[in-house]
Amino acid sequence: MTATPATSMTPTADGRPEMEGEVFWPAPEVVQHTIVPDWDALAQRADHDLEGFWAEQARELDWYTPWDKVLDESNKPFFKWFTGAKVNIVYNCLDRYMHTAIRNQVALIWEGEKGDSREISYAALNREVCRFANVLKGLGVAKGDRVTIYMGRVPEIAVAMLACAKLGAIHSVVYGGFSVDALAGRIDDSQSRLAITCDGAFLNGKIVQLKQIMDEALTRCPSIEHVVVVKRTGAGVAMQSGRDLWYHDLMADPAISDVCPTEVMDAEDPLYILYTSGTTGEPKAIVHTHGGYMVGIYATLKMVFDLHPEDRWWCAADPGWVTGHSYIVYSPLLNAATSLMYEGAPAFPQPDRWWALIEKYRISILYTAPTAIRGLMRFGDDWPGRHDLSSLRLLGTVGEPINPEAWKWYHRVIGHERCPIMDTWWQTETGMFMITPTPVVGLKPGSGTRPFFGLRAEILDEAGNPVPDGEEGYLVLLRPWPAMLRTVYQDPDRYVRQYWGRYPGKYVTGDSAKRDRDGYYWVIGRVDDVIKVSGYRLGTAEIESALVSHPAVAEAATIGLPHDVKGTAIHAYCILRQGETPSDALAAELREHVGRHMGPIAKPEAITFVDKLPKTRSGKIMRRVLKARALGLPEGDISTLEE
Ligand code: PRX
């Protein structure tokens, strides 16, 4: 391996490293009181002794049986972590606290969009998880079975995930903003036996008809035997007798016990699968495990956000994406902290909803996406100014590059220039934060700073040679990490090809990036067929297949173009079938069509009707050329273009 050791920088007279560009340093008291006050020392230690570093983290958690080996590299790239160990992540999230004072601490604060709220203690959460696990068992769910979860942001989504994990069943959460086609495809691929949903979800003052969408999807998914429905909106839904069951009825059954043994799992047993879009074709499911994943997310949240049990942590993502899995549900519980889940939209009923939540619950750390920051920034400084945000001590961002203007607004108006911003770069596949600051390092707006302890990154050119600092190239990772994906569900070849095929021995992220001379990384964006809309990861193939499922469309291509709030917006180019005429009405209809099939986030911003699409001689659409044309940029190498 080419070594890219932890960077150390030359200090100036005041003890701070001399660095290029604008740097924001934390106040001395922030540094003094953090869990890892000396970044360089730990970075060097972890770099020299990767296994020792992770073993130390793992020892802070409980294992039924300890591991024989921390990292098993005998079958690369199928790395294994903590082999031989027996564990269950739920034991560490809940069970182990039941004989300590933590049982009475609040695990989850939940606020509904309408203002209703719940505070659930660790003991109460454990009881609900045990009961629901017993319900699932009664419905025939066993270790290794897949369960699809398609719900709004309600506490029961966490209960459902934890109950599956407790039994060793593999959950497959599908984001509640997806619609029929996306849901059906994911249920079918996973061959889930059971689905858990809600009658509906409140969002922006409206109801998302989750159960209705589930019903439509299930007409194509014969593997599902039962659907458990959580009542949230109370709006009437059709319940299919024999198949559909109300959560509250099942849970109220006096025969259901409050006690449920936690299944003893191998560290490498799958915990969940999560679908995400990749380079080509249909979305694929990423596999995460009980052991390594648990250690990775535990240590990263603790060290990056300096998380303590007293913290009131708010990750404002959706539980349906990896951010919610790792950092709303599992890791805050592993760290015995209190996590807030908010059901609704950020600006509902008015633009200070989030700031009111921070004040009301005395949130100490807010973690969100650049798109949300830009969206709320548009409403001006007065809205946050009406609220006491003094409880905040750290801020975070994830999902896409943050533009320095939004970073500075977040820093000044929300963090009152006191709160360091942790810009965390990571992916569904990585499971945990990968390139990220900690509260003690100098921050440069727009950079995720350096790789987390024990990691090494490189920026390569097409041929696989590292590019000089300051130049753009392909971001790759050089060393394994415990929360890494283990494979692509039921498609190990794709795992090898997509992530390890291009540069042997190096994990390909799919992102382009630069490194500056201080060793700071600047992620630029995706270099594949993934579009990041408002931080949500969508595949061009899925949106295009929704478009061509409309009878008027013969062919479609989609690209992402810059957008002020969304970061990137979807632009679609459609060739119509013979006899169809382009019109604004048709464009509007196509947008709705995509919304109905894929989900509202996948609706194209604009649709352009064209007669031809740029293609390679082998028939692959050259989205790169479409993008260059739309932006008025040079088209680059077009030697493979068919025309
Ligand atoms: O392009 C990068 C971008 O989001 C991608 C991963 O998306 P997903 O799997 O949905 O996971 C998102 C949440 C972890 C990356 O390949 N990305 C994520 N975080 C950042 C980012 N780009 C720049 N800066 C970030 N902090």
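**Exercise 1. Classify Ser 545 by its relative accessible area, then place it in the fold.**

Step 1: Ser 545 has a relative accessible area of 35%. The cut-offs are under 20% for buried and over 50% for exposed, with partly exposed in between (1.4 Å probe, protein chains only). So Ser 545 is partly exposed.

Step 2: Ser 545 belongs to helix H17, residues 540-548. Helices (H or I, at least four residues) and strands (E, at least two) are DSSP runs numbered from the N terminus.

Step 3: Now pair Ser 545 with Val 154. They sit 391 residues apart in sequence, and their C-alpha atoms are 31 Å apart in space.

Ground rules for everything here: this is a predicted model, where local features need pLDDT of at least 70 and side-chain atom pairs count only at pLDDT 80 or more, while totals for chains, interfaces and linings use all residues. Residues are numbered from 1 along each chain as its sequence is written, and side-chain values use heavy atoms, with hydrogens and water left out.

**Exercise 2. Describe the shell around the ligand, its polar contacts and how far the protein covers the ligand.**

Step 1: Start with the neighbours, meaning residues with a heavy atom within 4 Å of the ligand. There are 17 of them, and Asp 423, Thr 424, Thr 428, Lys 532 and Arg 537 come nearest.

Step 2: Sort the shell by class. You get six nonpolar, five polar and six charged residues. Here Ala, Val, Leu, Ile, Met, Phe, Trp, Tyr, Cys and Pro count as nonpolar, Asp, Glu, Lys and Arg as charged, and the others, Gly among them, as polar.

Step 3: Look for polar contacts, which are N or O pairs within 3.5 Å; within protein, one atom must be able to donate a hydrogen and the other to accept it, and residues adjacent in sequence count only if both atoms are side-chain atoms. A ligand nitrogen lies 2.8 Å from a polar backbone atom of Thr 424. On the oxygen side, one ligand oxygen atom is 2.9 Å from a side-chain N or O of Asp 511, and a ligand oxygen is 2.7 Å from a side-chain N or O of Arg 537.

Step 4: Check the cover. On its own the ligand has 550 Å² of accessible area, and the protein covers 96% of that. The areas come from the Shrake-Rupley method with a 1.4 Å probe; for residues, only the protein chains shown count as cover.

Step 5: Which elements give two or more residues to this shell? They are helix H11 (322-334), strand E20 (421-424) and strand E24 (521-526).

**Exercise 3. Assign a geometry to the ring pairs Trp 321 with Tyr 536 and Tyr 367 with Phe 433.**

Step 1: The structure holds 40 aromatic pairs. Rings of Phe, Tyr and Trp (its six-membered ring) pair if their centres lie within 6.5 Å; planes under 30 degrees apart count as stacked, over 60 as edge-to-face and the rest as tilted.

Step 2: For Trp 321 and Tyr 536, the centres are 5.0 Å apart and the planes make 25°, so call that pair stacked. It links distant parts of the chain, 215 residues apart: Trp 321 is in the loop between strand E16 (312-315) and H11, and Tyr 536 is in strand E26 (536-539). Trp 321 is buried at 14% relative accessible area.

Step 3: Tyr 367 and Phe 433 have centres 5.7 Å apart and planes at 75°, so this pair is edge-to-face. Tyr 367 lies in strand E18 (365-368), Phe 433 in the loop between E20 and strand E21 (457-460), 66 residues away. Tyr 367 is buried at 0%, and Phe 433 is buried at 0% too.

Step 4: Ring pairs also build a cluster from Phe 78, Phe 79, Trp 481, Tyr 495, Tyr 499, Trp 500 and Tyr 507.

**Exercise 4. Locate the charges that sit over the rings of Phe 379 and Tyr 520.**

Step 1: The test is NZ of Lys or CZ of Arg within 6 Å of the ring centre and within 35 degrees of the ring normal.

Step 2: Arg 378 passes over Phe 379, at 5.5 Å from the ring centre. Lys 444 passes over Tyr 520, at 4.8 Å from its centre.

**Exercise 5. Examine the backbone at Pro 77, Pro 349, Asn 204 and Asp 306.**

Step 1: Keep the background in mind: most residues other than glycine have a negative phi, and most peptide bonds are trans.

Step 2: The bond from Lys 76 to Pro 77 is cis, with omega near 0°; Pro 77 is in the loop between strand E1 (69-72) and strand E2 (80-83). Phe 348 to Pro 349 is cis as well, with omega about -5°, and Pro 349 lies in the loop between strand E17 (338-342) and H12.

Step 3: Asn 204 has a positive phi near 55° and is partly exposed at 43%. Asp 306 has a positive phi near 50°, but is buried at 3%.
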